[in-house]
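Me: I have a model open and would like to understand the labels people put on it. Could you go through them with me?

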Amino acid sequence: MEKESEGGYHAICPILKSCHSQGDSFEEAIDNITEAIELYIESLRADNQQI
């Protein structure tokens, strides 16, 4: 989680390549990265890729 200089937060999931999100608050960024992780894993499953 990184605080942005212009406001808000940038959330990164380093284990999942290119999986990141943002939010205006810390809590929103957590909610958004959680959703991004879920969608990323869903996409891997749909493509029969290893998680």
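**Patches, rings and labels**

Reply: Gladly! Let's start on the surface, where Met1, Phe26 and Ile30 make a nonpolar patch of about 260 Å². This is a predicted model, in which local features need pLDDT of at least 70, side-chain atom pairs count only at pLDDT 80 or more, and totals for chains, interfaces and linings use all residues. Residues are numbered from 1 along each chain as its sequence is written, and side-chain values use heavy atoms, with hydrogens and water left out.

Me: What makes Met1, Phe26 and Ile30 a nonpolar patch?

Reply: A patch is made of residues with over 30% relative accessible area and no salt bridge; nonpolar side chains (Val, Leu, Ile, Met, Phe, Trp, Tyr) are joined within 5 Å, and like charges within 9 Å. A salt bridge here means a side-chain nitrogen of Lys or Arg within 4 Å of a carboxyl oxygen of Asp or Glu. The areas come from the Shrake-Rupley method with a 1.4 Å probe, and for residues only the protein chains shown count as cover.

Me: Why is phenylalanine 26 called partly exposed?

Reply: Buried means under 20% relative accessible area and exposed over 50%, with partly exposed in between (1.4 Å probe, protein chains only). Phenylalanine 26 has 40% relative accessibility, so it counts as partly exposed.

Me: How many aromatic pairs does the structure hold, and what makes tyrosine 9 and phenylalanine 26 a pair?

Reply: There is one aromatic pair. Tyrosine 9 and phenylalanine 26 are 5.7 Å apart centre to centre, with 90° between the planes. Rings of Phe, Tyr and Trp (its six-membered ring) pair if their centres lie within 6.5 Å; planes under 30 degrees apart count as stacked, over 60 as edge-to-face and the rest as tilted. The pair of tyrosine 9 and phenylalanine 26 is therefore edge-to-face.

Me: Why is this pair said to link distant parts of the chain?

Reply: Tyrosine 9 sits in strand S2 (residues 9–13) and phenylalanine 26 in helix H1 (residues 26–46), 17 residues apart. Helices (H or I, at least four residues) and strands (E, at least two) are DSSP runs, numbered from the N terminus. The chain has one helix and three strands, in the order β-β-β-α from the N terminus on.

Me: What makes the patch around Asp24 negative?

Reply: Asp24, Glu27, Glu28, Asp31, Glu35, Glu38 and Glu42 gather there on the surface. Asp and Glu count as negative, Lys and Arg as positive, while His and the chain ends are not counted. Each charge is placed at NZ of Lys, CZ of Arg, CG of Asp or CD of Glu.

Me: Which labels do aspartate 24 and glutamate 35 get?

Reply: Aspartate 24, in the loop between strand S3 (19–23) and H1, has 67% relative accessibility and so counts as exposed. Glutamate 35 lies in helix H1 and, at a relative accessible area of 44%, is partly exposed.

Me: What is said about the phi of serine 18 and of asparagine 48?

Reply: Serine 18 is not a glycine, yet has a positive phi of about 65°; asparagine 48, not a glycine either, has a positive phi of about 55°. Serine 18 belongs to the loop between S2 and S3, and asparagine 48 to the segment after H1.

Me: Why are serine 18 and asparagine 48 called exposed?

Reply: Serine 18 is exposed because its relative accessible area is 63%. Asparagine 48 has 72% relative accessibility, so it counts as exposed.
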